[in-house]
Amino acid sequence: MYQIFVTDSIGDDHVLEYRKHEFRNLMELLADRLYDDIGECRGRALCGTCHIRVWTNGAKLGKQELVEKQTLGDQYEIFDNSRLACQILLDGELDGTKIEIIGGD
Ligand code: FES
């Protein structure tokens, strides 16, 4: 069992546990456990509802595709560690990662 530490959009903290291959990406875990309104575009990097900030324990998150950069660029606020959760593969590498949910505009 792996763990992710999540601060939601109202500042509440959660510890979410997951198994390898339980979810295809981080957005699916968040939608399943915390939010119904994340994932409007079903993981196509178009809606921005899964905008998060990420602090890993050195895990590599994978390259940002152009569509993710464009969607993040359309957000009201963007940070150095902004990502779309739907574009992050949820594997054991992410164990111990901390994220903050920003959400879409
Ligand atoms: S689910 Fe729409 S951008 Fe991630």
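A nonpolar core is a set of buried Ala, Val, Leu, Ile, Met, Phe, Trp, Tyr and Cys residues joined through side-chain atoms within 4.5 Å, where buried means under 20% relative accessible area, exposed over 50%, and partly exposed in between (1.4 Å probe, protein chains only). The model in front of you is predicted, with local features needing pLDDT of at least 70, side-chain atom pairs counting only at pLDDT 80 or more, and totals for chains, interfaces and linings using all residues. Residues are numbered from 1 along each chain as its sequence is written, and side-chain values use heavy atoms, leaving out hydrogens and water.

Let's begin inside. The largest nonpolar core has 25 residues, and those touching the most other members are I4, L26, L29, L30, I52, L90 and I99. At least two residues each come from β1 (2-7), β2 (13-18), α1 (26-33), β3 (51-55) and β5 (97-101); these labels follow DSSP runs (helices H or I, at least four residues; strands E, at least two), numbered from the N terminus. Helix α1 gives the largest share, 4 residues.

Now take a look around I99. Leaving aside residues up to four places away in sequence, I99 touches I4, F5, V6, T7, L26, L30, I52, R53, V54 and W55, a contact being heavy atoms within 4.5 Å.

R53 has a ring partner too: its charged end sits over the ring of F79, 4.0 Å from the centre (the criterion is NZ of Lys or CZ of Arg within 6 Å of the ring centre and within 35 degrees of the ring normal).
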